[in-house]
Each structure stands twice: as structure tokens, then as C-alpha cells.
Amino acid sequence: MVEQRGTPRRLLVLDDERDVGATICMMARNAGYETDYTDRIDVFMERLETAPPTHVAVDLQLGDGDGIDVIHRLAKLDCGAGLIIVSGLGGRILESAARAAVENGLWLTGTLAKPFSYAELKSLLIAVESRAPENVGFLPERSIRSVSRAELADALAAEAFVAHYQPKISLATGALVGFECLARWQANKRDLIAPDVFIGCAEQTGQIHELTRQVYRYALTWRPPDIGGKPLKYALNLSPLNLGDEDFPRWLFEECKAQGIAPSQVILEITETASLNNPLVLLENLTQFRIRGFELSIDDFGVGYSSMVQLARLPFSELKIDRMFVKSLATSEESMKIVSAVIGLGHSLGLNVVAEGVEGSQALELLYRVGCDQAQGYFIAKPMSHQAAALWQATCGRQDG
């Protein structure tokens, strides 16, 4: 959900401790929010529909259920309100509930461990206002929940698939090192459609190969100025299905040649699910990319079960720490330990380590302290058109390094 100017900020609280609920409401009112409180799940769900809030606070321990049940219900309703999870349980339980909310597609804005202070709650509410969710500028997903093969075919014919560019910086110097190029469907002059809406359909219908080529061709057409004589790198997402296309490595090599881009400037990001397909084909195709000079990155590292197997078998040159751990870096000791361990593992294997999903200065500082190489995220810059990326580079991208 994206708030518009003038939209009342409304917080709906679900907590079976009336004094805690009243305290949260009082604090939120002091921060300029309209508030409502209930200790019953059924009443909470009813008010969610009749008077939609902009933000909700949900306790994990409830008399007639629990917070996970509420998370499931919010996900089924496609709730776009900012979610704050509240609990007096241990930190690891609170973190697990937070992960469940994120993996259910909810917009988690933070967690509060009881007892908490006004400053803690206020900081979350301020963060809610300043943070733009990942789909800012996109058409609402519920209005384009399904996409047909014919719609994709029309969009491909119209060359409506483009790339938006998110800066990646060096944590050692602060200098710009490249951009991740993210697929977008330019539905019209004003609106974009998020990749989560169309990638699955493209993979199911076999249109992913044409779509990938169109996005890559668009992305590689823009040539950002070099930094200190060093060419910037392009990070491009690769569908596991693209790895079954025997012509793709040669096509990409020729496309780079036509654009005057060295293969070493291109980083292909592979998700862990790729390893669940034919492992021999995966090994052969990825090795082909490396032979031709392309870089390979293992994306979303740490959230699956075969990441270690991939590192041992496949010729990766980069490792990207999943945003789940980066998001909670400043508040979770466990996440801090995991991130430190992953960075150490990556460096021991000679890999460049990148953190994605950086949303605050504290996370950026912690990543620097533990030796992470590069970072990207909304705190640095959001994905943008190549025109906006050029302006960002000229005004914000440091020229040293």
C-alpha cells in the first residue's frame, strides 16, 4: 500500500493485554495517528475491512489464537498495511514471526519486544512513512493479479519490457561500482508492472526466453560513464529456465560485443532454485558463461537448503546475502552472526560479497565493519530509469575508488 498525501494515518492494534494496547494507541496518537484497539481476532478482521488502517500492530500471543494465524489471514486478504509485530516472547520467536510475515508477502515495518519505549515505536512509525515499499510506482498487484499468454505476447511485440537500474556501491570507498538491472513492464507512460506479476507466467508459457532477451538488450543499451577509468558492471537476473537455452550464452556474448561491453562487466545472478533442475546442464551452461568471461552471482544466499552444494559445484564469482538477514541486521544478534559467517565464507572462497536490501545507515555501517564488499538497497537508491540513474550517478555517485 502506498500512502498518498492527505491520507489519514490510522493504526489498528490487536493485543490481548488492554494496558499494552492502550499504551500503543496513546503513543501513536502522540505521533499523529488515528488509532483503534481490540483484543479479539474476529473484531480485528472486521475492522480491517470496514475501516481499513494504514498500519497494524499485532501481538503474537492472543487469547483466542495467535499472531501467526493473523498473519495468514492478512496475507489472504492481500493486506497492504504496514505491519508491526509485538511480543513479550524471546527474540528468536519474534524474528521467526517476522520472517513468516515477509515470506507471506506482507509489508513488515518492524518488530517491538515488550516492554518497549515510545522512542522505539515512534522510530518504526517514522520509518513506515519514509520507507517506500518495493512496488512504489507499480500498478496495484490486485488489479493485475493474473496475466495471460496473449497479454505477454502483446507486450513483447510492443517491446514494453524494460530495465530499471539500482546502484551498487563499494563499502570500502562509497564509490559506485555498478547497477543491478531489474525487469519492468512499462504498461503505459505512467505505470510499471512489477516482475512478480509476469515472470511466473512467462516461465510457464515459454515466453521467458524472449522476455529475458528483451530486458537484457534494453539494459545493455545504456552505457553509464566509467568511474575513475573503471567500467561499471551490469548485474542481470537469469531465470533457471534460461539455462536450458543452449543458444543463450552465445547470444549474450554477441549482444555484449555489439554494444561494446566486455563480458567481464556483466554479472549474471542465479537463484538457488536453479540447482533443483538438471544439475549437469546447470553445471555445463554456467561453466560456458564463465569461459566466455561473464561473472556469476549466487543470489538470495542463505535462505535455501542447497546453497552450500552450489558453492562447491558451480563456478560462482560473487555471493549476495539475502535481504532477510540484512533487514534485521541492526536488531538481531543471530542475523549479525549469520551475515558475518557468510562474509567470511565468501571471502575464503575468493568471492565478492554483496548485501542487498540495505534500508538504513546502521545496517550499512555494520556491513562495513564486518568486511562486506558491496551493498545495494533503498537507503542507497531505489531502482530507476536510465535517465534517473544517469542523474543519480552525476550527483550522488562518488567519483573516487
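The exercises below, each with a worked solution, concern a predicted model.

**Exercise 1. The open sheet**

Determine the order in which the five strands of the open sheet are arranged, and find which strands lie at its edges.

*Solution.* Begin with the order, which reads β2-β1-β3-β6-β7, and note that the pairing within this open sheet is parallel. Next, look for strands that pair on one side only: these are β2, residues 34-38, and β7, residues 108-113, and they are the edge strands. From one strand to the next, the twist averages 15 degrees. As a reminder of what holds such an arrangement together, strands of a sheet pair through backbone hydrogen bonds, in either a parallel or an antiparallel manner. For a detailed look at one pair, take β3 (residues 55-59) and β6 (residues 82-87), which run parallel and are joined by five bridges. Within this part of the sheet, V58 stands opposite I85 of β6.

**Exercise 2. Helices beside the strands**

Work out which strands helix α1 lies across, and then which residues of helix α2 are buried and what covers them.

*Solution.* Helix α1, made of residues 18-30, lies across β1 (10-14), β2 and β6, and its direction makes an angle of about 175 degrees with that of β2. Turning to helix α2, which spans residues 41-50, one finds that I41, V43, F44, M45 and L48 are buried. The cover over these buried residues of α2 includes the strands β1, β2, β3, β4 (61-62) and β5 (65-66), together with helix α3.

**Exercise 3. Backbone details in three loops**

Locate the cis peptide bond between K114 and P115, and decide whether D78 and E159, which have positive phi values, are buried, partly exposed or exposed.

*Solution.* First, the peptide bond that leads from K114 to P115 is cis, its omega being near -5 degrees, and P115 is placed in the loop between β7 and α5 (118-130). Second, D78 is a residue other than glycine with a positive phi, near 55 degrees, and it belongs to the loop between α3 (67-76) and β6. Because its relative accessible area is 33%, D78 counts as partly exposed. Third, E159 likewise has a positive phi, near 50 degrees, although E159 is not glycine, and its position is in the loop between α6 (149-157) and β8. With a relative accessible area of 61%, E159 is therefore exposed.

**Exercise 4. A cavity and a pocket**

Describe the lining of the largest cavity, and then that of the second largest pocket.

*Solution.* The count comes to one cavity of 30 Å³ or more, and the largest cavity holds about 30 Å³ of space. Its lining consists of R223, P224, D226, P231, L232, Y234 and Q265, which by class are four nonpolar, one polar and two charged residues.

The second largest pocket holds about 340 Å³ of space. Its lining has 23 residues, and V177, G178, P231, K233 and Q374 are those nearest its centre. Two or more lining residues come from each of β8 (161-170), β9 (176-186) and β11 (233-238), with β9 giving the largest share, four residues. By class, this lining is made up of 10 nonpolar, seven polar and six charged residues. P231 appears both in the lining of the largest cavity and among the residues nearest the centre of the second largest pocket.

**Exercise 5. Two buried strand residues**

Establish whether L296 and Q374 are buried or exposed, and list what each one touches beyond its close neighbours in sequence.

*Solution.* L296 is placed in strand β13, residues 295-301, and it counts as buried because its relative accessibility is 0%. Setting aside neighbours within four places in sequence, L296 is in contact with I267, L268, L286, F289, R290, P315, F316, S317 and E318. Of these contacts, consider L268: it is 28 residues from L296 in sequence, yet their C-alpha atoms are 4.9 Å apart.

Q374 sits in strand β16, residues 374-375. Its relative accessible area is 15%, which lies under the 20% cut-off, and so Q374 is buried. With neighbours within four places again left aside, Q374 is in contact with K168, I169, S170, L171, V177, E318, N352, V353, V354 and A355. Among these, V177 is, like Q374, one of the residues nearest the centre of the second largest pocket, while E318 is also a contact of L296.

Conventions: Residues numbered from 1 in each chain as written. Predicted model: local features only at pLDDT ≥ 70, side-chain atom pairs only at ≥ 80, totals over all residues. Heavy atoms only, no water. 1 Å grid on protein atoms, 1.4 Å probe; cavity = no way out; pocket = protein on both sides within 12 Å on 5 of 7 lines; lining within 4 Å. Points joined across faces, edges and corners; volume = space filled by probe spheres on them. Nonpolar A, V, L, I, M, F, W, Y, C, P; charged D, E, K, R; others polar. Pairing = 2+ DSSP bridges. Axes fitted to C-alpha atoms, helices over the stretch in contact; angles between N-to-C directions. Contact = heavy atoms within 4.5 Å. Buried < 20%, exposed > 50% of the residue type's maximum accessible area, 1.4 Å probe, protein only.
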